Amino acid sequence: MELDEQTLLQSLIKDSSNESSTSIDYTPYLPYLQTLFTYDTERLHRELEYLNDEKCSKSTQMLSLTFDNYSTFIQTAECSKNISNDFSTIEDRLSLILNQLDDFSSCCQTFIRETEQTNSLRKQNMFTLQKYPQLLEILEIPQIMDTCVRNDYYDEALEIVTYCKRLERKFSLPLNKTTSNTTLHIPLITNIVSDVRLSLEYMLEQLINQLQTNIQLPACLRIMGFIRRMDIYNELELRLCFLQARTHFLEKRLDLIQKQYSTTNTSDYYEHASKYIDETRNILFDIVTQYRALFSDDDTTLYVTFNRNEFIKETNLFRSWLVYRLNEFLKVLQVDLQHCSGSQYQRLESLLGQVMYFGASFSRYGFDFRPLFIQFFSRTALTNFQNSLHEGNHLFEQLLHSFTFDQYVQIPSSDTSTTATNPFIPPMILVSYTPLAVYCNTVLTAFNDLRLCCPLSTVRTVKQYLTDSLLDIRNHLLNYYKSEKVTLTIIESEHFIDFLRIFISIFIPYIDTCIQALFPDAQLSRELGVSVLDVSEKMKLNRIDIENIIEPIRTIIESMFK
């Protein structure tokens, strides 16, 4: 049915339209066609007229509507034109927007990334704010470290150093995977560690400065304990650090003694040597005690096998240092001993006692250096003895030329008894012969000075010096006789012969007795490991060759009697 209606519509419309029937949509006409099917024939014949009338009516209405709404149509046309222009503008702008959408999209992506970074920073700031107390503690580490060091809170300072080392290991990255070298990648931690290291160096300087002062063993142990805990030096370097610091203190104290006597322009070498010995002994004893308490060096380490050479070197370090300090002490003491003369020589025994006590106190540590100093005291004693003998010879020569042999000499009656009671009392008859008496006093003074510091090893030298002096006295007498025998009267010649007899029979035997008392036979035999008879009869170490001295004088006496 629908197909018939469509065919019918095509037949009705194809004559009135030039358009192709296939391109026309017939759907709107179907209701009208259905209405036509309800009309009768007459109504259908009038339908055309009705349609024409309807057409005319509609045209009339349209014209009327057009005239009535002309302004509206004009406005509508203008509005349509404006709308068309606006649509064109919108289309242009939309094209422009479409062209800018790529840039806008990239800007949005950039904004998103920046927003993400800002958000990440915000989260970091929030996390930092939450960890503010802990961060503040870390940031205050350098200041706390500096405060601890300046106020001598060394235990707390070392705890801070240990904590910084943990931070350094925790926040460090390896430089090379094949090696264990690391580097810090956080600047803040790097700066903190650097500041703490500077404070640690200042702390080390403070501790070393304390070592350079007069400190006792407990304080020394505490200071060296801090230096060892700082883990800066190995064991050998610790020993060097300790010895250098204590050497500085020793030299500073010894320099004060030197300046004290150099600024006062005094020449009391005994006082200088005495203070120098006491100061060196006290300080060296403290240093040795402190060193042995700090380091486990023993004498046995000198004899260990070769696989422990490090211990041998460390032990030799301390021994070498101590030997060097004793050598320096020896040089200063040698200079002072060379200038100890006159009244200062009387106190040489006291210096010897101080040095012997010094050496004995170090013998417990295996550093008994007393034999090294014997030769210097012996040399000083011998030099003073020789100078005294030279002075006595000079006085004897002067007095001999001014002495007159015209006085009668009477031997005191108490001389023999006194000499028998005490053989070391000078013969009283010497008082009548001034040159011989003065010379005797000089020799006895030299003996008394030598007795204060009289090593047995000097017996040969003392004997030789004394023999040379007596030979010089004999030569003076011979020369006097040769030059004055023509001018001497008979009485003067007799008195001169008496002078010579007293010299060879009383004075020289008395001097020989004195030197035997100074170097007893028993002590010499005990030290040499021989009998007393060997010392007195065979070796004759403490006996003067009297015959060699008096032989020329005896010849003069015999010739004058002839």
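How much space lies in the second largest pocket? In this predicted model, the answer comes to about 220 Å³. The lining is made up of Leu135, Ile138, Tyr163, Arg166, Leu167, Lys170, Phe171, Ile186, Leu188 and Ile189. Sorted by class, that list gives 8 nonpolar residues and 2 charged ones, with no polar residue in the mix. Three helices, α5 (132-139), α7 (154-170) and α8 (187-211), each put at least two residues into the lining. Of the contributors, α7 gives the most, with 4 residues.

Helix α8, one of the helices lining that pocket, also packs against α9. The axes of α8 and α9 come within 10 Å and cross at roughly 155°. With angles over 145 degrees counted as roughly antiparallel, α8 is therefore roughly antiparallel to α9. The crossing of this pair is left-handed. On the α8 side, the contact uses Leu204, Leu207, Gln210 and Leu211, and these meet Cys220, Arg222, Ile223, Met224, Phe226 and Ile227 in α9. Put into classes, the residues of this contact come out as 8 nonpolar, 1 polar and 1 charged.

Helix α9 (residues 217-229) has another partner in helix α11 (residues 269-294): the two axes come within 10 Å, and the crossing angle is roughly 45°. The pair is therefore oblique. As for handedness, α9 passes α11 in a right-handed crossing. From α9, the residues involved are Leu217, Cys220, Leu221, Met224 and Arg228, while α11 brings in Thr289, Gln290, Ala293 and Leu294. By class, this contact splits into 6 nonpolar, 2 polar and 1 charged residues. Two α9 residues turn up in both contacts: Cys220 and Met224 meet α8 and also meet α11.

Further along the chain, helix α17 (residues 459-484) packs with helix α18 (residues 490-518) at an angle of about 175°, and their axes sit 12 Å apart. That angle makes α17 and α18 roughly antiparallel to each other. What does each helix bring to the contact? For α17, the residues are Val462, Lys463, Leu466, Leu470, Ile473, Arg474, Leu477, Tyr480 and Tyr481. For α18, they are Phe496, Phe499, Leu500, Phe503, Phe507, Ile511 and Ile515. The class tally for this contact reads 14 nonpolar, no polar and 2 charged residues. The charged pair consists of Lys463 and Arg474, both of them from α17.

Definitions and conventions:
Residues numbered from 1 in each chain as written. Predicted model: local features only at pLDDT ≥ 70, side-chain atom pairs only at ≥ 80, totals over all residues. Heavy atoms only, no water. 1 Å grid on protein atoms, 1.4 Å probe; cavity = no way out; pocket = protein on both sides within 12 Å on 5 of 7 lines; lining within 4 Å. Points joined across faces, edges and corners; volume = space filled by probe spheres on them. Axes fitted to C-alpha atoms, helices over the stretch in contact; angles between N-to-C directions. Parallel < 35°, antiparallel > 145°, perpendicular 65-115°, else oblique. Left-handed = near helix turned anticlockwise from the far one by under 90°. Contact = heavy atoms within 4.5 Å.
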